Structure formats: C-alpha cells, structure tokens
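Visitor: I would like to learn how to read a structure like this one. Could you walk me through it?

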Amino acid sequence: MWHADQPVQDADIAVVWNAPDALFARERKLRVAFNLGAGVDALFRLPSLPADLPIVRLEDAGMAVQMAEYAAHALVRASRQFDQYEAQQREGVWQPLPEIDRAAWPVGVLGMGVMGARVATALAALDYPVAGWSRSGKTPDGIEAFGGSAGLSPFLARTRVLINTLPLTPDTRDLISFETMLQLQSGAYIINMGRGAHLVEEDLITLLDQGHVSGATLDVFREEPLPAGHPFWNDKRVTITPHVAALSLRRETIAQVASKIRAFQRGEPVSGMVSRDRGY
Ligand code: NDP
Ligand code: OXD
C-alpha cells in the first residue's frame, strides 16, 4: 500500500485503483501500471501520469456477469411492472396488471465490450429485442449492430431501454443528453452503469418531468458519493445504487493481475493494454 509520506521506492510496477497524483509524481521509474478496474478514466485525469506509461486494465474478472444481473434486474423490474406491484403491496392492493409485450421494450446497449456484450446476450436470452452500439459496430450473434456516430440516431430511434456500459472518454462524455434521450422511444427507461459523466443529470430530470422518460436506474453519478440534497435521492422515478453494479472480486482480480504481471515480466504481450489514443 502506497503512502504519500513514505520514501520514494523506485518501483517499476504499480497496481492501482483511485491512485493519488502524487504516486506518479514521485515514482518516476515505473514501467507499467495495472488498474484494478475496467475503467481507466480516473487514472487519465491525473496530471502526473506519464504520457507513455503503459496502462493495463482489468478484463471481466467476474464483473461482467454482475453487470448483466444489474441490467436484467432493472429492466425486468420496469418492464414487468414489479415497481408497481411494490407500490400496490404498500397500499394493500391485490391487482394483476396487464401482461407485457417484450416487443414494446426494445433494449439498446451502449458499448459492446467485455461488459456490454455480456449484458446484451443476457437480455437477449430473456427474449427482449436487443441492439448494441460501439465504435466498430461489432456485436455478438443475435444482437442487432449499430456503429459509430452515423449509427447512433438509428440505434436510439429503435430503443426504449437505454443501457450504458461505455468507458468515459472525451468522445463519450455527456453522450446521454436531452438531445439523445429525446430520440429514444416514448416511455424510455435509462440504466447507467458506465460513468456518471456520461449522463447529463438535469436533462434526465427535464425529460422525466415531460414524461418522455418514464424512469431510470443509476449506479454512477457525476459526483460520488451522490451529495445529500441531490434531487435523485427523493425521486420515486429514479432508483439509485452506490456504484456497485459490479464489485471487484478479490480472488479473480488478484489471479488476473498476477498473471498479467508475470506476462509483462517475461516480455510477453499483456492483454487489456489500454490505448492512449482511444482513451479506453
Ligand atoms: P471495453 O473496453 O471492453 O469496451 C468498451 C466498449 O465501448 C467497446 O465496445 C467500444 O467500442 C465502445 N466505445 C468506446 N468508445 C466509444 C465511442 N466513442 N463510440 C462508440 N463506442 C465506443 O470496456 P468494458 O466493457 O470492460 O468496460 C466498460 C466500462 O464499464 C468501464 O470503462 C467502466 O466505465 C464501466 N464499468 C462500471 C462498473 C460499475 O460497477 N458501475 C464496473 C465495471 C466497469 P469498440 O468495440 O468498437 O472498441
Ligand atoms: C470499474 C468500476 O471500472 O468498478 O471497474 O467502475
């Protein structure tokens, strides 16, 4: 564990999560940094991170299945009206609601990487129509494919439930805005598991008030922890969780990072190398 008051170690390998800038300012002999998470956006915000330091991220390590569970829970709760049954129970009401038509709940997953592909295939297995959007436009079998900026509007137009699993980069910041959410089908539902800065929170509130968006399940926020007094805390249309869609699993994480370190030390290719150009 690194402490700001310890002498410089001249370490050659860093294993980090929420690293302070001072680590990179002081340890100038690093040859590689292993990130204990999939998202590297926080690391890239550090001014002292050397521009040429190789960064390796965690790949899945037990997180993708949790992301799929989270998305399935939120989607099924909204589409099968379990939120309404919860409200009915509190009021002592026994009232079956009309059956749902899955065709009326087309799902669109932003990001078709390790997390997004797993989310998409899990929801397609529940017979929801599922599409994926990514830079390359590649999707697993059975998932309708949309790619690049030209593919975004048609992807949004066929989507009612928008699920975000993108990495945060300059290209994806603020992507879920008034303009993009307005292109979703009416009664839209937003599930954000990527990063808080993907979503323009005031725009979501505006569209909830206007009725175009019917609800949201949010795991990540522009400011974390979500500040006391933030409107999401008491908004019945919004379900929040404290950045736990996928928790890092100790055993899987240690095993994966150890094997990546061994590969690095042997001079072999290390999977999960982050591209500085793409930002993920
Ligand atoms: P990957 O790198 O495997 O996948 C990223 C996907 O996003 C790829 O499909 C990529 O497209 C797509 N993408 C990136 N930039 C763009 C863009 N500008 N336009 C269109 N598509 C783009 O990442 P992971 O799936 O492993 O992780 C994704 C993110 O999930 C993490 O960065 C993190 O923010 C978040 N996360 C959140 C957790 C939580 O608990 N809330 C837990 C774990 C991760 P292409 O395939 O063409 O390269
Ligand atoms: C991650 C996260 O990026 O937990 O791994 O958010």
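Guide: Happily! One idea to begin with: a residue is near a molecule if one of its heavy atoms lies within 4 Å of it. Keep in mind too that this is a predicted model.

Visitor: With that in hand, which residues are around ligand 2?

Guide: The shell consists of W17, G37, A38, G39, M63, R195 and H243. Sorted by class, it has 3 nonpolar, 3 polar and 1 charged residues.

Visitor: Where do polar atoms of the protein lie relative to an oxygen atom of ligand 2?

Guide: Look at backbone and side chain in turn. On the backbone side, a polar atom of A38 is 2.7 Å from a ligand 2 oxygen, and an N or O atom of G39 lies 2.8 Å from an oxygen of ligand 2. From a side chain, R195 places an N or O atom 2.8 Å from a ligand 2 oxygen. As for cover, ligand 2 alone exposes 210 Å², and the protein buries 87% of that.

Visitor: What does the protein cover of ligand 1, and which residues come nearest to it?

Guide: There are 29 residues around ligand 1, and those that come nearest are R57, M112, M115, S136 and Y280. Two of these names return when we turn to backbone polar atoms: S136 has one 2.7 Å from an oxygen of ligand 1, and M115 has one 2.8 Å from a ligand 1 oxygen. G113 also has a polar backbone atom, 3.1 Å from an oxygen of ligand 1. On its own, ligand 1 has 950 Å² of accessible area, and the protein covers 91% of it.

Visitor: Now the domains, please. How do I read an interface between them?

Guide: The size of an interface is often given as the accessible area lost when the parts come together. Here, the domain assignment gives domain 1 as 13–60 + 248–278 and domain 2 as 64–240. Each of the two supplies 9 residues to the contact. The area buried between them is about 740 Å², with 47% from carbon and sulfur atoms. On the domain 1 side, D41, D60 and R278 supply 62% of the area buried against domain 2, more than any other three residues.

Visitor: How many salt bridges are there between domain 1 and domain 2?

Guide: The count is 1. As for a named pair, R195 forms a salt bridge with D41, with the closest N and O atoms 3.0 Å apart. The face of domain 1 that touches domain 2 has 3 nonpolar, 1 polar and 5 charged residues. And R195 is a residue you have already met: it is also one of those around ligand 2.

How values were computed
Residues numbered from 1 in each chain as written. Chains lettered and ligands numbered in written order. Predicted model: local features only at pLDDT ≥ 70, side-chain atom pairs only at ≥ 80, totals over all residues. Heavy atoms only, no water. Domains from an automatic or database assignment. Contact = heavy atoms within 4.5 Å. Buried area = accessible area lost by both parts, 1.4 Å probe. Salt bridge = Lys/Arg side-chain N within 4 Å of Asp/Glu carboxyl O. Nonpolar A, V, L, I, M, F, W, Y, C, P; charged D, E, K, R; others polar. Polar contact = N/O pair within 3.5 Å; in protein donor to acceptor, adjacent residues only side chain to side chain. Areas by Shrake-Rupley, 256 points an atom, 1.4 Å probe, with all protein chains shown as cover.
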